[in-house]
Amino acid sequence: MKIYRTHVLVAEDNKSLLKGAKEIEELFIKEIKEFGLENEVFITPTGSLGFEDVGIAIAVYPEGIVYAPVEKRDVKEIVKEHFLKGRVIERLAKTFLKGEVQISSTKAEQIFATQTRIVLRNVGLINPESIDDYIGRDGYTALEKSIESGPEWVIDELKKSELKGRGGAGFPSGRKLEFTAKASDPVKYIICNADEGEPGTFKDREIMEGDPHSLIEGMIIAAFSTRASYGYIYIRGEYDLSISRLEKAINDARSYGLLGENILGSGFNFDIEIKKGAGAYICGEETALIESIEGKRGEPRKKPPYPPTCGLWGKPTVINNVETLVNIPPIIENGADWYKKFGVAGSYGTKVFSLMGDLNWKGIIEVPFGTPLSYIIDEIGGGVKEGKRLKGVILGGVSGSLITPEQLDTPVDFNSLATIEAGPGSGAIIAFDEDRCIVDVAKNIAYFFRHESCGKCTPCRVGTEQIYEIIEWITKGEGRISDLDTLEKLGDDLKLTSFCGLGQTAPNIVVQSLAKFTTEWIEHIKEKKCRAGVCQMTLEEVKNG
Amino acid sequence: MKERSLIDKLHEVQNGSKENYISKSEALKVSKRSKTPLAEIYGVLTFYTLFSEKPRGKHIIRVCRSLSCHMADANKIIGKLKETLGINVGETTFDKEFTLEESSCLGMCSVSPALMIDDIPFGNVEIDEIPEIIKKVKGGEL
């Protein structure tokens with residue numbers, strides 16, 4: 001293998017590709033040749049660098065300098081000044097975030113330094129389309145170790161690590177695998193839930209676009225431990241780049257003997273197929289997802305029986321979120337004791353979050369469990385934009401919980417969050433500033449659930465519709481004070497009587513906002529006043545608020 | 001294993017349709033071939049938002065209206081698209097070039113407001129660039 005003095009990583013995710021990242025990469029290769037540096041500087045594509053807002057970004061190692069945005073006309077200058085003469089171009093390394101905030105190149109490194117990357121260990125560092133890159137970063141060694149040590153050892157180690165599911169429910173992953181491993185049926189399945197539909201969540205997309213092999217490896221190990229012979233990755237139809245990168249990864253793994261028959265000479269046979277979804281939020285619910293893979297309407301099934309004993313086509317099936325599976329290889333490779341050095345009791349390891357809203361810095365981050373929410377908002381997110389005050393944070397997506405600034409010091413882990421009736425959920429963090437209208441936020445969320453309710457059970461089908469209608473009246477200035485009680489009552493009904501998690505969590509944010517921002521709701525009704533000036537309070541307002 | 005589900009088949013039919021939809025005659029063909037009642041086929045096809053039983057334009061524009069895009073004024077994006085194309089959400093332009101749709105979430109929250117035209121994602125969309133985007137897509141430049 002050739003050794004290069006400088007490594008240049010060009011971030012090529014679905015957004016930067018659109019802006020011409022591939023052309024930038026080619027231009028760099030051309031310029032490098034022009035200056036005779038082709039034996040010294042290595043150019044390679046990678047996944048998102050985490051700076052999503054900035055157009056095309058490149059990272060230069062070993063210096064760790066990030067240039068963004070890089071335009072075609074900058075390429076020559078970067079090659080000549082930086083790669084040839086070794087001078088960092090401050091001008092390009094400085095202007096991030098469209099000039100709203102000045103972040104120096106050292107700050108870019110700080111953003112990474114504030115994080116602990118286990119799940120995202122390779123994202124932004126390797127070429128996601130190269131299996132050799134992944135293997136070069138110790139990829140597939142955890143699979144070898146699993147095969148040497150046996151399925152029972154794998155499950156024991158995962159149980160010891162206390163890894164919990166990252167899809168929202170937080171069920172212990174090792175135990176889930178054990179249930180399926182113990183099922184006696186000769187046919188078993190493993191499913192990766194990559195139907196990331198929770199508004200505000202896009203972490204799994206970044207993982208799949210940036211490091212698809214870590215997901216494949218995690219799935220093979222999980223399958224090996226349960227003796228599942230076939231796996232499905234159920235992925236959103238909208239995630240085209242994830243689908244094509246995963247397809248390539250699966251084919252490459254197959255040609256390396258890591259998938260297919262007699263994997264690494266172990267006698268274990270396993271293969272993976274991608275199933276493309278067709279646009280339905282409910283399919284993130286595991287039994288609805290199973291129905292969808294079977295080709296049916298994605299309506300949830302009655303539980304029990306649970307999937308580990310009776311899942312896809314009635315066979316024992318283990319379903320895990322992308323992030324959960326990507327945690328498996330590092331745990332197997334380094335051991336449960338190593339893993340438990342991260343995080344806090346009850347929530348070991350790290351959590352990947354999608355950080356967005358009215359913050360100075362938006363993107364995907366990974367922090368150890370137990371990190372206070374305030375640290376995420378202020379240190380990593382750079383605080384609220386334009387120096388405004390924080391009004392609230394929606395944690396875990398629109399089915400999650402509403403956190404007020406007073407609760408911001410709560411550590412983000414399962415137990416601490418439970419004390420304020422919250423949870424990490426899907427990993428979405430949406431911050432909003434003092435100028436946002438809480439009724440408008442609630443209305444957007446209600447609109448979402450009204451559309452995404454699958455219609456199977458009455459409380460959810462009718463309740464989500466009613467909640468939306470009532471909020472719509474209020475935003476038009478037609479609300480009555482009794483509506484607030486009705487909303488609360490409806491919230492209780494949905495929570496207690498809906499068939500599945502969708503209906504049970506649909507009213508969460510609406511109901512919490514009634515309690516936490518009561519005055520604002522009352523103002524809308526009594527004074528017909530929207531302090532943020534968002535709700536028009538007139539009858540003519542169009543229906544897509 | 002490796003057998004195509006009804007959803008896979010419907011994806012194929014729709015991808016093969018010039019008008020981006022599943023016609024009744026195609027649905028009938030699927031029904032006959034797979035020995036599945038037509039009612040079941042329509043049950044599935046009307047359940048998922050990516051399928052359409054109505055003819056659509058050559059290009060499908062999907063505007064994200066999740067909370068993060070909503071906070072980034074996705075409404076104005078939808079408004080500008082309606083104005084530029086002269087249609088409402090759910091409608092197709094007269095020249096059958098574009099259909100305007102909404103999406104619950106495109107998973108591009110860090111670059112909100114976001115939209116997709118066919119399989120091309122657009123992030124940090126600004127209202128002023130919409131006519132240009134439409135022109136480029138129509139001219140086959142994107």
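Two strands count as paired if DSSP finds at least two bridges between them. With that criterion, this predicted model can be described sheet by sheet, followed by the core and the contact between the chains.

**The four-stranded sheet of chain A**

In chain A, 4 strands form an open sheet of mixed pairing, in the order β2-β1-β3-β4. The edges are taken by β2 (41-46) and β4 (65-67) of chain A; each has a single partner strand, so one side of each is left without a neighbour in the sheet. Direction ignored, neighbouring strands of this sheet are turned by 20° against each other on average.

Helix α2 (residues 21-34) of chain A packs on the sheet, where it touches β1 and β2 of chain A. The direction of α2(A) makes about 170° with that of β2(A).

The pairings within this sheet are listed below, each with one pair of residues that stand opposite each other.

| Strand pair | Sense | Bridges | Opposite residues |
|---|---|---|---|
| β1(A) and β2(A) | parallel | 6 bridges | Val8(A) and Ile43(A) |
| β1(A) and β3(A) | antiparallel | 4 bridges | His7(A) and Tyr61(A) |
| β3(A) and β4(A) | antiparallel | 3 bridges | Val60(A) and Ile65(A) |

In this sheet, β1 covers residues 6-11 of chain A, and β3 covers residues 58-61 of chain A. The strands β3(A) and β4(A) form a hairpin with 3 residues between them. In that hairpin, Gly64(A) takes a positive phi near 75°.

**The nonpolar core and an exposed loop residue**

The largest nonpolar core has 197 residues. The members that touch the most other members are Ile58(A), Tyr67(A), Met219(A), Ile220(A) and Ile445(A). Helix α18 (residues 438-452) of chain A gives the most to this core, with 9 residues. In soluble globular proteins, nonpolar side chains tend to be buried together.

Residues up to four places away in sequence left aside, Met219(A) touches Ile190(A), Cys192(A), Gly231(A), Ile272(A) and Leu325(A).

Ala345(A) lies in the loop between β9 (343-344) and β10 (347-348) of chain A. Is Ala345(A) buried or exposed? Ala345(A) is exposed, because 11 other C-beta atoms lie within 10 Å and a residue counts as exposed at 12 or fewer. Its C-alpha atom is separated by 9.3 Å from that of Glu162(A), and the two residues are 183 residues apart along the chain.

**Chain B**

Chain B has 142 residues, of which 43% count as buried. There are 6 helices and 4 strands in the chain, and along the sequence they follow the pattern α-α-α-β-α-α-β-β-β-α. Taken along the principal axes, the C-alpha atoms of chain B fill a box of roughly 50 × 30 × 25 Å. Of the contacts in chain B between residues at least 6 apart in sequence, 58% join residues at least 24 apart.

Strand β1 (residues 59-64) of chain B is mostly covered, with 5 of its 6 residues buried. It pairs with strand β2 (residues 98-103) of chain B in the parallel sense over 6 bridges. Strand β1(B) also runs antiparallel to strand β3 (residues 115-117) of chain B, to which 3 bridges join it. Val63(B) has a bridge partner in each of these strands: Glu102(B) in β2(B) and Leu115(B) in β3(B).

Helix α6 (residues 130-138) of chain B has the buried residues Ile130(B), Ile133(B) and Ile134(B). Seen down the axis of α6(B), these fall within an arc of 100°, so they line one face of the helix. They pack against α5 and β4 of chain B. On the other side of α6(B), Glu132(B) and Lys135(B) are exposed. The helix is followed by Gly140(B), which has a positive phi near 75°.

**The contact between the chains**

The contact takes 47 residues from chain A and 35 residues from chain B. On the side of chain B that touches chain A, the elements giving two or more residues are α1 (6-16), α3 (38-47), α4 (67-71), α5 (74-85) and β4 (120-122) of chain B. The element that gives the most is α4(B), with 4 residues. By kind, the residues on this side of chain B divide into 20 nonpolar, 13 polar and 2 charged.

Key: Residues numbered from 1 in each chain as written. Chains lettered and ligands numbered in written order. Predicted model: local features only at pLDDT ≥ 70, side-chain atom pairs only at ≥ 80, totals over all residues. Contact = placed C-beta atoms within 7 Å. Nonpolar A, V, L, I, M, F, W, Y, C, P; charged D, E, K, R; others polar. Core = buried A, V, L, I, M, F, W, Y, C linked by C-beta atoms within 7 Å. Buried ≥ 20, exposed ≤ 12 C-beta atoms within 10 Å, placed from the backbone. Axes fitted to C-alpha atoms, helices over the stretch in contact; angles between N-to-C directions. Arc of directions from axis to C-beta.
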